[in-house]
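Morning, everyone. Please have a look at the structure on the screen, and then I'll walk you through it.

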Amino acid sequence: MKAIAVKPGTPNSVHLRDIPEPTLDQFPNGKGVLVKVLKVGVDATDKEINEALYGNAPPGDDFMVIGHESFGIVEAVGENVTRFKPGDYVTATVRRPGSSIYDKIGTYDMTSEETYYERGINLLHGYLTEKFVDEEDYIIRVPEGLTHLHVLMEPMSCAAKAVHQAYEVQRRMKVWSPKVAWVMGAGQIGLLTTLALRLRGLQVCTIARSAGPHLKSEIVEGMEATYVATKDTDLDELVKKTGRPDIIVDATGSSIIAFESMKYLGLNGVLVFTSVTGDSDKHELPTSKINLEWVLGNKLLLGSVNANRDHFEMGIRDLALGEMMYPGVTEKILTNPVDGLENYAEMMRLLVEDNSALKVYVNVASE
């Protein structure tokens, strides 16, 4: 069957290749689920893997199938599968467990091992192919009423985890009732984080470079949040309007903006880093001032990456509620379909060259 792959470590090696079809007997415990791939989303991670900034091939192969945002339909299940049946719409988690205690209890996204296993990212093949098979524990059902949001399930899981983790760690405050949130960046993670925070009742400012009106500002405003363009608004002035934010989530992909955000966080606040940065940027900050304010202000910096099954289910619930609260808004994120695996060059062109491409995804097959 066809697949889109790269040769990790070799820049711009993306290509179409034939790989063997998966089978249920790859999981002799009878817990395998065979999925026909319908759509796969791609993002900056896939672009950076093609640039050889990170990623390693699975053992025994010199290539890796990319794509970690899956959406498909179950074709067959093993004899011991209880959660799924043929015809169910599904997505799948990305990370797989190692051997740490965190991996063993199902929180493989919190592994304490240096080596991590992620489908389509590191040491495991991804989903940009015609079919895949995986264990039941890593498959999540997508409600039929949400299939129009298809490849947003995985990025929504990351947004849901970032917000959930912020609330989890802030239990340390005993009484913590955040009112104001800033989301740095208006890409797919930033917009989905905006949704998750709005559904919790926060006043949200989604901050990006370009001035509106445009699609991103339309989506933010459709979620009853405020779109802020740094081209037009100084963030110190924004603080005067909103007060210092209780939560900041960075989803820019820029380490500079992530660290600059430390200057604005309010007392007892939490700043969440979600960006994976493969570059070597350096930046100067008033470190003594930040250190003093953070120590005296009981502020917290939290890193959040990937998601486990629980976060996927949280994200799906948020997408469902979001459809009820802001009907038709989230779907606008899905901007750039590419038809067929053979059109991988157009997929990469959109990722690399088209700044207006908010969400690129591949239509792999019809049902």
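How many of the 11 residues of strand β3 are buried? The answer is 10, so to speak a strand that is mostly covered. Strand β3 covers residues 32-42. One word of caution before I go on: this is a predicted model.

Let's stay with β3 and see what it pairs with. Take strand β10 to begin with. β3 and β10 run antiparallel, joined over five bridges. For a place to look, find V33. Its bridge partner in β10 is D134.

Next comes strand β5, residues 69-77. Here the pairing with β3 is again in the antiparallel sense, over eight bridges. L34 stands opposite A76 of β5.

Then there is strand β19, residues 360-363. Four bridges join β19 to β3, and these two strands are antiparallel. On this stretch, G41 has Y361 of β19 as its bridge partner.

Now to a pocket, because β10 comes back there. I mean the second largest pocket, with a volume of about 460 Å³. In total, 23 residues line this pocket. Closest to its centre are P22, Q26, R119, H125 and V133. Which element gives the largest share of the lining? Strand β10, residues 131-135, with five residues. By class, the lining has 12 nonpolar residues, four polar ones and seven charged ones.

Just ahead of β10 is a residue I'd like you to find: T129. T129 sits in the loop between β9, residues 123-124, and β10. Is T129 buried or exposed? Its relative accessibility is 2%, so T129 counts as buried; the cut-off for buried is under 20%. The side chain of T129 reaches the backbone oxygen of K2 at 2.7 Å. What else does T129 contact, beyond its neighbours within four places in sequence? The list is M1, K2, A3, I19, V37, L341 and V364. Two of those names tie back to strands in this talk. V37 falls within β3, residues 32-42, and K2 falls within β1, residues 2-6.

That brings us to β1 and its sheet. Three strands form an open sheet here, in the order β2-β1-β4, with antiparallel pairing. The edge strands are β2, residues 15-18, and β4, residues 64-65. Each of them pairs on one side only. Between β1 and β4 there are two bridges. If you want a spot to click on, V6 stands opposite M64 in β4.

Let's move along the chain to β15 and β16. Strand β15, residues 247-250, pairs with β16 in the parallel sense, over four bridges. D250 stands opposite F273 in β16.

What about the faces of β16, residues 270-273: covered or open? Both are covered. V270 and V272 are on one side, L271 and F273 are on the other, and all are buried. The general background is simple. In a regular strand, side chains alternate between the two faces of the sheet.

In β15, pick out V249. At 1% relative accessibility, V249 counts as buried. Leaving out residues up to four places away in sequence, V249 touches W182, V183, M184, T193, V272 and T274. For a sense of distance, compare V249 with T147. They are 102 residues apart in sequence and 27 Å apart in space, C-alpha to C-alpha.

V183 turns up again with T194, a residue of helix α4, residues 188-199. T194 has 0% relative accessibility, so T194 counts as buried. Not counting residues up to four places away, T194 touches V183, V204, T206, M223 and A225.

My last stop is a contrast. Look at K289, in helix α8, residues 287-296. Is K289 buried or exposed? K289 is exposed, because its relative accessible area is 51% and the cut-off for exposed is over 50%. The side chain of K289 has a polar contact of 2.6 Å with the side chain of E293. K289 and V352 are 63 residues apart along the chain, and their C-alpha atoms are separated by 38 Å.

That's my tour. Thanks, and over to you.

Definitions and conventions: Residues numbered from 1 in each chain as written. Predicted model: local features only at pLDDT ≥ 70, side-chain atom pairs only at ≥ 80, totals over all residues. Heavy atoms only, no water. 1 Å grid on protein atoms, 1.4 Å probe; cavity = no way out; pocket = protein on both sides within 12 Å on 5 of 7 lines; lining within 4 Å. Points joined across faces, edges and corners; volume = space filled by probe spheres on them. Nonpolar A, V, L, I, M, F, W, Y, C, P; charged D, E, K, R; others polar. Buried < 20%, exposed > 50% of the residue type's maximum accessible area, 1.4 Å probe, protein only. Polar contact = N/O pair within 3.5 Å; in protein donor to acceptor, adjacent residues only side chain to side chain. Contact = heavy atoms within 4.5 Å. Pairing = 2+ DSSP bridges.
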